[in-house]
Amino acid sequence: NQFILLEVKTEILIIHQQRAHERVLFEYYQNLFENKKVESQQLAFPFNLTFSNSDYLLIIQLEEPLHNLGFSFKLKDNSIEINSIPPECTEENLKAIFEEILEQEKNDNQLVISTKVKIAKVLAKNIAIKKGKKIEQKEMKVLISNLFACDLPSISPNGKPTIINLALNDITKHF
């Protein structure tokens, strides 16, 4: 419920499912930013979030990149009324997503990372399959296929490995 094992010719690949899914989602969101192909799902009822004055000012600055990813919201007196969200998001993770986006923006000012990259990382992290979640064989195949279609399949958006290769010769030495 954390790793996917895949035998390929003379090696075994161990794929970290959460990091792999984060990589897939991260590149998906980066692609959305570049191509400006906005997808979103309408919420049945608006979702409201309230912020401090400083956080609200940051949300105003982040309004365009958030809209480019499929978030649709109205700004109102230190709060936002969210009407639609990217298809992969759920109402349950909206508060965490916005809190983490704000933290990234506050803490990473010294780094030269674009706001779009930061937001794509936060969305990928919060939406990805979590450690311990069992996924079905079909889902594994789709994840593996999507991972190997990525520009950087072996590294998560946070720089951690998504895949470890074990040569069968190395494994047989242990037996």
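How are helices α1 and α5 oriented to each other? In this predicted model, helix α1 covers residues 17–35 and helix α5 covers residues 137–148, and the two pack at an angle of about 55° with their axes 9 Å apart. Angles under 35 degrees count as roughly parallel and those from 65 to 115 as roughly perpendicular, with oblique kept for angles outside the named ranges. The helices α1 and α5 are therefore oblique to each other. Their crossing is left-handed. On the α1 side, the contact is made by Gln-17, Ala-20, His-21, Arg-23 and Val-24, which meet Leu-143, Asn-146 and Leu-147 of α5. By character, the residues of this contact comprise four nonpolar, three polar and one charged.

Both of these helices also rest on a sheet. Three strands make up this open sheet, in the order β1-β2-β6, with antiparallel pairing. Strands β1 (3–8) and β6 (163–167) occupy the edges, and each has a single partner strand, so one side of each is left without a neighbour in the sheet. On average, and with direction ignored, neighbouring strands here are turned by 20° against each other. Helix α1 lies across β1 and β2 and runs at about 75° to β2. Helix α5 lies across β1, β2 and β6, running at about 70° to β1.

The pairing within this sheet can be followed strand by strand. In general, the strands of a sheet pair through backbone hydrogen bonds, in either a parallel or an antiparallel manner. Strand β1 and strand β2 (residues 11–16) pair in the antiparallel sense over six bridges. Within that pairing, Leu-6 has Leu-13 of β2 as its bridge partner, and Glu-7 stands opposite Ile-12 in β2. The two strands form a hairpin with two residues between them, and Lys-9 in the turn has a positive phi of about 50°. On the other pairing, β2 and β6 are joined in the antiparallel sense over five bridges. There, Leu-13 stands opposite Asn-165 in β6. Leu-13 thus links the two pairings, with Leu-6 as one bridge partner and Asn-165 of β6 opposite it as well.

A further sheet involves other strands. It is open and is formed by three strands in the order β3-β5-β4, again with antiparallel pairing. Strands β3 (41–50) and β4 stand at its edges with a single partner strand each, so one side of each has no neighbour in the sheet. The twist from one strand to the next averages 15°. Strands β4 and β5 pair in the antiparallel sense over five bridges, and Lys-74 stands opposite Glu-81 in β5. Two helices are associated with these strands. Helix α2 (residues 53–68) lies across β4 and β5 and runs at about 155° to β4. Helix α3 (residues 91–107) packs on the sheet, where it touches β3 and β5, and its direction makes about 40° with that of β3.

The loop between β4 and β5 deserves separate attention. Most residues other than glycine have a negative phi. Asp-77, although not a glycine, has a positive phi of about 30°, and its place is in the loop between β4 (72–76) and β5 (79–85). Asn-78 lies in the loop between β4 and β5 too, and its phi, near 65°, is a positive value in a residue other than glycine. Is the side of the chain at Asp-77 buried or exposed? With a relative accessible area of 76%, Asp-77 is exposed. Asn-78, at 22% relative accessibility, counts as partly exposed, because buried means under 20% and exposed means over 50%.

Helix α3 has a helical partner as well. The axes of α3 and helix α4 (residues 115–127) come within 9 Å and cross at roughly 145°, and α3 passes α4 in a right-handed crossing. The contact residues of α3 are Asn-93, Ala-96, Ile-97, Glu-100, Ile-101, Gln-104 and Glu-105. These meet a set of residues in α4 that includes Thr-115, Lys-118, Ile-119, Val-122 and Leu-123. The residues of this contact divide into seven nonpolar, four polar and four charged.

Terms used
Residues numbered from 1 in each chain as written. Predicted model: local features only at pLDDT ≥ 70, side-chain atom pairs only at ≥ 80, totals over all residues. Heavy atoms only, no water. Axes fitted to C-alpha atoms, helices over the stretch in contact; angles between N-to-C directions. Helix = DSSP H or I, 4+ residues; strand = E, 2+ residues; numbered from the N terminus. Parallel < 35°, antiparallel > 145°, perpendicular 65-115°, else oblique. Left-handed = near helix turned anticlockwise from the far one by under 90°. Contact = heavy atoms within 4.5 Å. Nonpolar A, V, L, I, M, F, W, Y, C, P; charged D, E, K, R; others polar. Buried < 20%, exposed > 50% of the residue type's maximum accessible area, 1.4 Å probe, protein only. Pairing = 2+ DSSP bridges.
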